[in-house]
Amino acid sequence: MAKILVITSGKGGVGKTTTSAAIGTGLALRGYKTVIVDFDVGLRNLDLIMGCERRVVYDFVNLINGDSNLNQTLIKDKRSDNLYILPASQTRDKDALTQEGVQGVLDQLKETFDFIVCDSPAGIEKGAHLAMYFADEAIVVTNPEVSSVRDSDRMLGLLSSKSRRSEQGEKIKEHLLLTRYSPERVENGEMLSVSDVEDILSIPLLGVIPESQAVLKASNQGIPVIMDDKSDAGQAYSDAVERLLGKEVPHRFLEAQKKGLLKRLFGG
Amino acid sequence: MTSETNLDLLDTDPVFQLKGGMLTMTVLELVHLAPQRFAIQLAEKVEQAPNFFQDTPVLISLEKLDDNLDISGLIALLRICRDHGLQPVALRGAEQFRPLAQQASLVLLPPGRNRDKIIEAPEPAPQPVAQQAEVASVSAPQPADTTPTRVITEPVRSGQQVYARGGDLVVLAPVSAGSELLADGHIHVYGPLRGRALAGVRGDTRARIFCQSLEAELVSVAGQYKVAEDLRRQQWKEAVQISLEGDILKIAAL
Ligand SMILES: Nc1ncnc2c1ncn2[C@@H]1O[C@H](COP(=O)(O)OP(=O)(O)OP(=O)(O)O)[C@@H](O)[C@H]1O
Ligand SMILES: [Mg+2]
């Protein structure tokens, strides 16, 4: 059974696209046939982070309008045979997506794929609504600060009241992914801690992704950060994928780095 | 009118039933006898909420009246009431007022038990709002008139609003900042209350708010409210109940 997974947040710039690329790639690397769908019409970004921007011919809106078919529109990832990208249109405005159109495309994708990962645009307007409406599960991406948490809370309210599952009296399975987490800044009281955020949102924690240089480096190279298995962020995303697939994996990168013995002796 | 034959008179099928009923009623408590000031002040109240006063039955309480009232004074008073849409149905006060009540074709009710609640004219009165003295009538057994409590088991998130119309609201999950709970009756929150909670929104001053952890942005009972800034000073993050005493919101540990 195909699963539709939405990566959503409410607030912009918190790491949805980074997460969509990482989780989608992680699922494909574990053998699941996966497509990542860019719902951010007008602000396409996913293809850049996936490093396939030069191979875009048709896009999501073409597909909805019947200008192209699925084979022509999906872009196959260079790194994994299991991974495809459905790019967003850069030229259309967001009204080009319709509920029927989106449903038609998702129904087609369900026939071939195990996971359909929907990268939501920011906000709670139409684009974000369409990205989450058909979802079976939601990864709510949150940064450890008050306004991001508040927006995630709001998005959780919409998931439980304005989605197709909620209309049918079912629940969307919700996961919390805390990104750009900096234990040092939490210790200094500049950021909310994991438990603060869990306490406010009260949904299960899928993972904590540390603030990491590796993310920017990876996106500049067009390689999903999960491929960088030496990096803390890459490892944290891998753990999150394992948990998404039902494994129990302890959380890492929650504590500030301990100072080495020499540094402690001589001050640092 | 249907005309009844002699045969019909043998029919034992009951033509009426005695039932018990409780109704709440507006009490107009007269303090001074000053017909002109009365007329002006009543007109102002009516102005605020015209629908509220349309054909509203009222009970005129004379218990606090510090002037003497005679029949011409009473008749003048009744006229002013009726001019403004009020329908006086009874007087309430000591036995001495019985002749007066009879002359004005009103019922005399014994003094109340001080349970009346002050009402302000409702703001944008949706319907005639809730009121005061309970007038109990003769009771034959009848099923209790209960309104179902609204029970919410999922978290109430930012941007969401939940209203328990005509009854109580019970929430068995956290209530987020940026959300709003409303109830005509009580509000119970078995989790942290971080949003707004407004009990007795249609004027029931007996309504209360109960919560396990008071972290609210605003709490209100029958329109009297406190915001987080004031709430933080006492019992913040504690289990409390909030009720109205006079027009003061009282917050007490549970
Ligand atoms: N764990 C991280 N550490 C450091 N930087 C990060 C991390 N996650 C994301 N970023 C950076 O944050 C910025 C926003 O990331 P991204 O584009 O994934 O967010 P988004 O939620 O998709 O944004 P939008 O709402 O605009 O779609 C990017 O510059 C990205 O490199
Ligand atoms: Mg994005």
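This is a short tour of a predicted model, with stops at ligand 1 and at one stretch of chain B.

**Stop one: ligand 1 and its surroundings**

Start by selecting ligand 1, then show what sits around it. You should find 15 surrounding residues, and the closest are A:G13, A:K16, A:T17, A:T18 and A:S212. Try colouring that shell by residue type: five of its residues are nonpolar, six are polar and four are charged.

**Stop two: the elements behind the shell**

Which parts of chain A each supply at least two residues of the shell around ligand 1? Select α1 (16–29) and β8 (205–210), and you have them. Of the two, stay on α1(A) for a moment: the largest share of the shell, three residues, comes from there.

**Stop three: backbone contacts**

Now turn on the backbone atoms and check some distances. At A:T17, a backbone N or O atom is 2.8 Å from an oxygen atom of ligand 1. Move to A:G15, where a polar backbone atom lies 3.0 Å from an oxygen atom of the ligand. Then go to A:P210: here a polar backbone atom is 3.0 Å from a nitrogen atom of ligand 1. With those contacts on screen, try a surface view. On its own, ligand 1 would expose 630 Å², and the protein buries 81% of that.

**Stop four: over to chain B**

Finally, select residues 151–251 of chain B. An unreviewed UniProt entry lists this span as "domain: Septum formation inhibitor MinC C-terminal". Colour the span by secondary structure: 48% of it is strand and 4% is helix. Then pick the C-alpha atoms at its two ends, which lie 24 Å apart.

Notes:
Residues are numbered from 1 along each chain as its sequence is written. Chains are lettered from A and ligands numbered from 1 in the order in which they are written. This is a predicted model: local features need pLDDT of at least 70, side-chain atom pairs count only at pLDDT 80 or more; totals for chains, interfaces and linings use all residues. Side-chain values use heavy atoms; hydrogens and water are left out. UniProt positions are given in the numbering used here, feature names are shortened, and annotations may be inferred rather than shown by experiment. A residue is near a molecule or strand if one of its heavy atoms lies within 4 Å of it. A polar contact is a pair of N or O atoms within 3.5 Å; within protein, one must be able to donate a hydrogen and the other to accept it, and residues adjacent in sequence count only if both atoms are side-chain atoms. Accessible areas come from the Shrake-Rupley method with a 1.4 Å probe; for residues, only the protein chains shown count as cover. Ala, Val, Leu, Ile, Met, Phe, Trp, Tyr, Cys and Pro count as nonpolar, Asp, Glu, Lys and Arg as charged, and the others, Gly among them, as polar.
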